Amino acid sequence: MTFDWQENDIKMAQFMVGKMHKIAEAMNPKMIIGGAKKPGTHFDSTVYQTTHISGGAIMGDDPKTSAVNRYLQSWDVPNVFVPGGSAFPQGLGYNPTGMVAVLTYWSAKAIREQYLKNLGALVQA
Ligand SMILES: Cc1cc2nc3c(=O)[nH]c(=O)nc-3n(C[C@H](O)[C@H](O)[C@H](O)COP(=O)(O)OP(=O)(O)OC[C@H]3O[C@@H](n4cnc5c(N)ncnc54)[C@H](O)[C@@H]3O)c2cc1C
């Protein structure tokens, strides 16, 4: 497992928490709980930080920088298709499961309508 927060993740979180803090303060609440991650904070699976881990076999249009093409077909082994959040090149800010499902349907359609009629790479590198 190599996932960890990077400096930009921390900065984005601090920026958003700062904005949210101002909104919360304007509502004059009895108390405000919560804070942004501090610089140098590491991902820790023992506390709830995110369950939307993605990437690992990312999709792209260049075999030099991605593992699968837009149909989730392996660049290296054309009869291998890899559906799942593993295809996401970036983490989403929102729930990933809908996109995992949509990508899987998209891939299955391409397998049925293109790949099975003409075995081989669906995208030429
Ligand atoms: C607690 C929790 C809450 C969540 N809530 C939401 C939510 O509200 N909304 C949302 O959109 N998303 C939510 N998610 C995220 C969502 O569940 C995942 O993003 C999604 O399930 C990823 O789908 P996937 O097919 O990529 O991977 P997975 O669902 O993880 O499927 C991978 C599969 O591969 C199998 N596998 C692993 N290794 C091997 C192997 N060597 N050989 C064969 N099989 C293998 C695993 O057993 C597993 O079945 C939540 C996740 C968690 C943990």
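Which residues of α2 are buried? The legends below take up that question and then visit other parts of this predicted model.

**View 1. Helix α2 has a buried face.** The buried residues of α2 are L103, S107 and A110. Seen down the axis of α2, they fall within an arc of 60°, so they line one face of the helix. A general point helps here: an α-helix has 3.6 residues a turn, so residues three or four places apart point the same way. Look to the other side of α2 and you will find T97, Y105 and R112, which are exposed. The helix itself runs over residues 97-113, 17 residues in total, and reaches 24 Å from its first C-alpha to its last, close to the 24 Å expected at 1.5 Å a residue.

**View 2. S107 sits in helix α2**. With 4% relative accessibility, S107 counts as buried because the cut-off for buried is under 20%. Setting aside residues up to four places away in sequence, S107 touches Y71, L72 and F81.

**View 3. The whole chain, for orientation.** The protein chain has 2 helices and 0 strands. Its radius of gyration is 20 Å, well over the 14 Å that the globule rule gives for 125 residues, so the chain is more spread out than a compact globule. The C-alpha trace spans about 65 × 30 × 25 Å along its principal axes. Buried residues account for 21% of the 125 residues. The chain exposes about 9500 Å², with carbon and sulfur atoms supplying 59% of that area. Among contacts between residues at least 6 apart in sequence, 53% join residues at least 24 apart.

**View 4. The largest nonpolar core has 6 residues**. Its members are M59, V68, L72, A87, F88 and L103. V68 makes a good starting point: leaving aside its neighbours within four places in sequence, V68 is in contact with A57, I58, M59, G60, Q73, S74, W75 and V82. A second, separate core has 5 residues, among them Y71, F81, A110 and Y115. As a general rule, nonpolar side chains in soluble globular proteins tend to be buried together.

**View 5. Two residues that are not glycine have a positive phi**. One is N28, with a phi of about 50°; the other is L72, with a phi of about 65°. N28 has its place in the loop between α1 and α2, and L72 is found in the loop between α1 and α2 as well. Are they buried or exposed? N28 counts as exposed, at 66% relative accessibility, whereas L72 is buried, with a relative accessible area of 0%.

**View 6. S86 and T65 in the loop between α1 and α2**. S86 lies in this loop, which follows α1 (7-26), and is partly exposed, with a relative accessible area of 21%. Not counting residues up to four places away in sequence, S86 touches G55, G56, A57 and I58. The C-alpha atoms of S86 and T41 are separated by 24 Å, and these residues are 45 residues apart along the chain. T65 is exposed, with a relative accessible area of 57%. From T65 to S54 it is 16 Å, C-alpha to C-alpha, and the pair is 11 residues apart in sequence.

Terms used
Residues are numbered from 1 along each chain as its sequence is written. This is a predicted model: local features need pLDDT of at least 70, side-chain atom pairs count only at pLDDT 80 or more; totals for chains, interfaces and linings use all residues. Side-chain values use heavy atoms; hydrogens and water are left out. Helices (H or I, at least four residues) and strands (E, at least two) are DSSP runs, numbered from the N terminus. The expected span of a helix is 1.5 Å times one less than its number of residues. Buried means under 20% relative accessible area, exposed over 50%, partly exposed in between (1.4 Å probe, protein chains only). The arc is that of the directions from the helix axis to the C-beta atoms. The radius of gyration is taken over C-alpha atoms; the globule rule is 2.2 Å times the number of residues to the power 0.38. Contact means heavy atoms within 4.5 Å. Accessible areas come from the Shrake-Rupley method with a 1.4 Å probe; for residues, only the protein chains shown count as cover. A nonpolar core is a set of buried Ala, Val, Leu, Ile, Met, Phe, Trp, Tyr and Cys residues joined through side-chain atoms within 4.5 Å.
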